[in-house]
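Colleague: I'm new to this one, so could you take me through a single part of it slowly? I'd like to hear about the largest nonpolar core, and which residues in it touch the most other members.

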Amino acid sequence: MDDLIQQCVEKLVTAQKLVVSTGAGVSQESGIPTFRDQDTGLWEEADPLLYASPIGWALQPREVWNWYHARRQEMQQAKPNPGHHALVALEQLVPQVVVITQNIDRLHHQAGSRDIVALHGDMYAYKCDQNCQGDPTPVNPDAVTWTEETAPPRCPYCETGKVRPDVVWFGEMLQRAHVERALNEARTCDVILVAGTAGKIPLSVALPAQARERGAFVIEVNPNESDVTPHAHVRLAGPSGIVLPKLVAALRAAR
């Protein structure tokens, strides 16, 4: 591991731009369950067709709203872990750091990362499901009232649309601006670090693949091999909360 970390440090010392791509594994270390893990993933107990699709929302919006409200309450108990904080520390060591995340929990924000692209939305943000004032139409959660029986609340602007979580569901497209920025950052970075993703989301593989094609050094941090592994120059095997602080310490020592 020390030799592999040193290879990464040699690239990071001269890097002008570092892109970090994170997945659910990074948040799992803060106690937030992943969606897909066997036995422990949220989709082991909840039907994604109901709770994460426009069809489920159309058929049972109250049940979907209340499920997400319960998830938000659980997420509020989570705190950034050493992996999140290590990524913030990298901002003091590399001139530009961009975090591109699949996670919707705001833990990167809480830790203090400054430049974040949240590909899959924000669990704490709301919008009108009719996009009545543009796509999206953000809704201030303090501007709506509801109970478990009356959920979901009506959009305060059009009063016909319903307020829904501002997250990307199955069958929905990622925001084009977010995708374009993520790809552009990957194509123009010196190093890309991919942490905590199995690579099942196509973009999570496309980012390191295109970065490497343009000459960037690709680092993967993951306890297990993934669909990202074939594109990585180095895989640091282990949880991000353990591996990333070691990487930061080695980079500091080299400077």
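Modeller: Happy to, and keep in mind that we're looking at a predicted model. The largest nonpolar core has 30 residues, and those that touch the most other members are Leu 18, Leu 193, Ile 219, Val 221, Leu 236 and Leu 247. As for where this core comes from, each of these elements puts in at least two residues: the helices α1 (2–14), α6 (82–90) and α10 (240–254), along with the strands β1 (17–22), β2 (96–101), β7 (191–195), β8 (217–221) and β9 (234–236). Helix α10 supplies the largest share, 5 residues. Now zoom in on Leu 247. Leaving aside residues up to four places away in sequence, Leu 247 touches Ile 5, Cys 8, Val 9, Leu 12 and Leu 193. Apart from the largest core there is another one, made of 22 residues, including Val 64, Leu 107, Ala 151 and Trp 169. As background, nonpolar side chains tend to be buried together in soluble globular proteins.

While you're here, have a look at the second largest pocket too, with its volume of about 470 Å³. Its lining takes in 32 residues, and Lys 127, Asp 166, Val 167, Val 168 and Gln 175 lie nearest the centre. That lining splits into 14 nonpolar, 9 polar and 9 charged residues. Strand β4 gives the most to it, 4 residues, while α4 (54–59), α7 (107–111), β3 (116–118) and β6 (163–167) are among the elements that each supply at least two.

How values were computed: Residues are numbered from 1 along each chain as its sequence is written. This is a predicted model: local features need pLDDT of at least 70, side-chain atom pairs count only at pLDDT 80 or more; totals for chains, interfaces and linings use all residues. Side-chain values use heavy atoms; hydrogens and water are left out. On a 1 Å grid over the protein atoms alone, a cavity is a set of points where a 1.4 Å probe fits but cannot get out, and a pocket is an open set with protein on both sides within 12 Å along at least five of seven lines; lining residues have an atom within 4 Å of a point. Grid points are joined across faces, edges and corners, and a volume is the space filled by probe spheres set on the points. Ala, Val, Leu, Ile, Met, Phe, Trp, Tyr, Cys and Pro count as nonpolar, Asp, Glu, Lys and Arg as charged, and the others, Gly among them, as polar. A nonpolar core is a set of buried Ala, Val, Leu, Ile, Met, Phe, Trp, Tyr and Cys residues joined through side-chain atoms within 4.5 Å. Buried means under 20% relative accessible area, exposed over 50%, partly exposed in between (1.4 Å probe, protein chains only). Contact means heavy atoms within 4.5 Å.
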